[in-house]
Amino acid sequence: MAMFVLLHVRGPAVPDGQTVGEQAGIAGHYEFLRRRRGAGQLVLAGPFLDTEGAGMTILEVESAEEAQRLATHDDQAVVDGVLAVTVRPWRVVMSGS
């Protein structure tokens with residue numbers, strides 16, 4: 001298993017003057033997170049506090065292809081353009097525990 005960081009930002013479908021959180025389509029992102037948690041793939045997820053609509057999700061999955069597929073096809077908020085996502089591989093070299 002490998003770790004992947006999904007970096008989310010405001011997507012192109014969010015109208016000027018509105019926030020990501022105001023979009024009905026953001027519910028698709030929360031559903032995505034619940035599915036990944038249920039599958040045992042979700043490590044961490046949450047918004048950045050300094051940029052509206054931006055956040056990070058860390059998944060532990062088998063491959064970069066799987067991470068990319070999940071991030072771009074399983075997250076309906078990304079499919080609908082409410083969020084845009086970049087997937088990056090990540091290696092943990094130290095833990096606090």
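In this predicted model, His-8 is buried, with a relative accessible area of 4%. The residue belongs to strand S1, which covers residues 2-10. Once the neighbours within four places in sequence are set aside, the contacts of His-8 include His-29 and the run Gly-53, Ala-54 and Gly-55. Thr-57 and Asp-75 also touch His-8, as do Val-78, Leu-83, Ala-84 and Val-85. Two of these partners, His-29 and Ala-54, turn up again in the description of the largest pocket, where they are among the residues closest to its centre.

That pocket has a volume of about 270 Å³. Its lining is made up of 19 residues, and those closest to the centre are Ile-26, His-29, Tyr-30, Pro-47 and Ala-54. Three elements each give two or more residues to the lining: helix H1 (26-38), strand S2 (42-47) and strand S3 (55-61). Of the elements, H1 gives the most, with four residues. For a reader interested in the chemistry of the lining, it divides into 10 nonpolar residues, eight polar ones and one that is charged.

A second buried residue worth a visit is Gln-41, which sits in the loop between H1 and S2. Its relative accessibility is 10%, and because buried means under 20%, Gln-41 counts as buried. Beyond its neighbours within four places in sequence, Gln-41 is in contact with Arg-36, with Ile-58, Leu-59, Glu-60 and Val-61, and with Glu-66 and Leu-70. For one of these partners, Ile-58, the separation from Gln-41 is 17 residues in sequence, while the C-alpha atoms of the pair are 8.5 Å apart in space.

The chain as a whole gives these residues their setting. It holds three helices and four strands, and from the N terminus on the elements run β-α-β-β-α-α-β. A compact globule of 97 residues would have a radius of gyration near 13 Å, and the chain agrees with this, at 13 Å. Along the principal axes, the C-alpha atoms fill a box of roughly 40 × 25 × 20 Å.

Contacts across the sequence complete the picture. Among those between residues at least 6 apart in sequence, 68% join residues at least 24 apart. Buried residues make up 35% of the 97 residues. The accessible surface comes to about 6,000 Å², and carbon and sulfur atoms account for 55% of that surface.

Notes
Residues numbered from 1 in each chain as written. Predicted model: local features only at pLDDT ≥ 70, side-chain atom pairs only at ≥ 80, totals over all residues. Heavy atoms only, no water. 1 Å grid on protein atoms, 1.4 Å probe; cavity = no way out; pocket = protein on both sides within 12 Å on 5 of 7 lines; lining within 4 Å. Points joined across faces, edges and corners; volume = space filled by probe spheres on them. Nonpolar A, V, L, I, M, F, W, Y, C, P; charged D, E, K, R; others polar. Rg over C-alpha atoms; globule rule 2.2 N^0.38 Å. Buried < 20%, exposed > 50% of the residue type's maximum accessible area, 1.4 Å probe, protein only. Contact = heavy atoms within 4.5 Å. Areas by Shrake-Rupley, 256 points an atom, 1.4 Å probe, with all protein chains shown as cover.
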